[in-house]
Amino acid sequence: MADSSVALYARVSSESQARDNTIASQIAALRERIAADGWQLEPDHTYVDEGYSGAILLRPALEQLRDAVAAGCVERIYVHAPDRLARRYAHQVLLIEEFHRVGAMVVFLNRPIGSTAEDDLLLQVQGMIAEYERAKIMERSRRGRRHAARSGLVSAFTAAPFGYRYVCRDHGGGVARFEVVEEEARTVRLIFAWVGLERLSLREVCRRLQQAGCPTRHGSARWYASTVRGMLANPAYMGRAVFGRSRFLPARPRLRPIRGHPRPSPRPTLRVPVPPDEWIEVPVPALVEPALFEAARSQLDENRRRKRERQLGPRWLLQGLTVCRRCGYAYYGKTAPRCGKDRSKGELRYYRCIGTDGHRFGGTAVCDNRQVRGDRLEESVWSQVRALLEDPERVTQEYRRRTSEARDGAAAPEEIARLDRQIATLKRGIGRLIDSYAEGVIDKTEFEPRIAGMKTRLAKLTQQHQAALEAAEAERNLSLVTGRLEDFAAKVRQGLDSLDWLGRREILRALIRRIEVDHDSVEVIFRVPPTPTSVSPHSCRAADAQASWQHCTSGGRTHHSLAEPLPSTGQGLGEPHLQGARLPPPCLDPPHAAKALQSRMMFPDRL
């Protein structure tokens, strides 16, 4: 049977399980079963996820397995149990159906997958039990750690901060503890002394640590200010480790995705501090005196207060929107004096790519993109936004198109009423069928296929009914929006000149998806499409240097935008700035056009 390709998948949830080689037993059992079935396992068809939770699908080995199955490289998959494949039943069904669609078979060691209703029911029950067990384990673990912390036991923690070594109960004679690492402890005392006594800044502390050759816990010579700040705020260094200092919540929506992470994390990643009165303190060996710890914390508070006092109010209008087209990193705001000798002449504001800062990447910059004068960039972007807002015909045309699409897809009121009647009739039929089975009128073999078919039809009708309601609601909302466009345009013309900084930023964030900077050109990508043009991108000539095509695909999206020069720029700080840089009008992003402006048009008073 060596002609068909087989693979195995194994997983453990925690890093401690991975270190203890508990996954080895899974792999051994899977290899024995594969050999017993007469199959031959290729070396590169062993997929193992160590230290990954089964509650998420984004796992490296699982992704590789799914790609291999989709490519037809694997026809038979061995897994120890359904909860090793996924903890959630919905994820189990998704993966199994995905494998079955391409002809791959899934084999569980503890229970074979059959084709009968009883086998499907058993698999469902196993998936629900696995999900219940996960929730129960998490809750028991949380309450157990909380009880240990209230009892003053270090076992409530799973790791130790820099300066300590965590000794678990297995290696500590039944009692977990923090063991002081003297080499790291000296670094901790230096940090507290520099900040609490010498009143140094965090960046200066990082520079001194790097010059002194003090490595981090992972062996790196580079220190970050955020790491030092976290150490200075950790009360464990004065002998009181705190359990429950923070909790994690789902992250808030961002203006644009993080570089390298187009999708948000499925796990809660927003860290929220917990009030000190809810902390649980556990005694540990102290590395610094409480007076020095308080002095360092006071200095941090003073630095934070002084920094806020130096701020001159809102300054960066395009914060969170500008991004480098070359390296993908964001742009940040940076100021520099107009004259190095006379700082009373004021300062200049620049948007600068993070990738051009060599100190962020071990001394070598990863990008050579230029920085852009902040005032000129903001003025040019705002002029483009203003032109869009003062020409509501572009918005009108987009909403007319969407209204037409919504009207074509919307169901008539008669259709919605008909679906209501069918759903009610089908529900009554299901009730009568259940009563007949309960009274013994029909047997199980006749009841199961009939009830399954009726439930499937009910689900389809419910889905059609919901889609019809949503389409009708979309048509109604778009009609209301289109009817208010004239009022919206009038208020826009009257209110743009009197908008304050916060009002401008709110409009920019509603209309702009991102601003891409590439050396000598700046491109604004709007959420609203440009004015339709009869020119086709396929007829674009290479000699036409003034044309900028965006999102031109074979799907008929023939959208054209012309470049306009930025205001003339002078030389500042001895650096060349953008001269003749081009700022094209909006790019096309139709799926978000209505949603971005709907609130502005429904409530134009915000402008």
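## A helix across two strands

Let's start with helix α16, residues 501-511: α16 lies across β15 and β16, and runs at about 85° to β15. Keep in mind that this is a predicted model.

## The sheet underneath

What do those strands belong to? β15 and β16 sit in an open sheet of 3 strands, ordered β11-β15-β16, with mixed pairing. On the edges you'll find β11 (322-324) and β16 (521-526), each of which pairs on one side only. Ignoring direction, neighbouring strands here are turned by 25° against each other on average.

Helix α11 (residues 374-389) also packs on this sheet, where α11 touches β11, β15 and β16. The direction of α11 makes about 35° with that of β16.

Now for the pairing itself. β11 and β15 (residues 512-518) run parallel, joined by 3 bridges. If you want a spot to look at, go to Thr322, whose bridge partner in β15 is Ile515.

## Where α8 meets α9

Elsewhere in the chain, look at a pair of helices. Two packed helices are described by the angle between their axes and the distance between the axes. For α8 (residues 202-212) and α9 (residues 225-232), the axes come within 9 Å and cross at roughly 105°. Angles from 65 to 115 degrees count as roughly perpendicular, so α8 is roughly perpendicular to α9.

Which residues make the contact? From α8 come Leu202, Val205 and Cys206, and they meet Ala225, Val228, Arg229 and Leu232 of α9. By type, the contact residues split into 6 nonpolar, no polar and 1 charged.

## Two nonpolar cores

Leu232 of α9 turns up again in the largest nonpolar core, which has 40 residues. Phe192, Trp223, Leu232 and Tyr237 are the ones that touch the most other members. Several elements each supply at least two residues: α6 (117-150), α7 (182-196), α8, α9, β7 (240-243), β10 (280-283) and α10 (290-310). The top contributor is α7, which gives 6 residues.

What does Phe192 touch, leaving out residues up to four places away in sequence? Its contacts are Leu197, Met231, Leu232, Tyr237, Val288, Leu292, Phe293 and Ala296. Two of these names, Leu232 and Tyr237, are also on the list of residues that touch the most other core members.

Apart from this core lies another one, made up of 28 residues. Among them are Trp316, Leu318, Cys327 and Val381.

Note on methods:
Residues are numbered from 1 along each chain as its sequence is written. This is a predicted model: local features need pLDDT of at least 70, side-chain atom pairs count only at pLDDT 80 or more; totals for chains, interfaces and linings use all residues. Side-chain values use heavy atoms; hydrogens and water are left out. Axes are lines fitted to C-alpha atoms, for helices over the stretch in contact, and angles run from 0 to 180 degrees between N-to-C directions. Helices (H or I, at least four residues) and strands (E, at least two) are DSSP runs, numbered from the N terminus. Angles under 35 degrees count as roughly parallel, over 145 as roughly antiparallel, 65 to 115 as roughly perpendicular and the rest as oblique. Contact means heavy atoms within 4.5 Å. Ala, Val, Leu, Ile, Met, Phe, Trp, Tyr, Cys and Pro count as nonpolar, Asp, Glu, Lys and Arg as charged, and the others, Gly among them, as polar. Two strands pair if DSSP finds at least two bridges between them. A nonpolar core is a set of buried Ala, Val, Leu, Ile, Met, Phe, Trp, Tyr and Cys residues joined through side-chain atoms within 4.5 Å. Buried means under 20% relative accessible area, exposed over 50%, partly exposed in between (1.4 Å probe, protein chains only).
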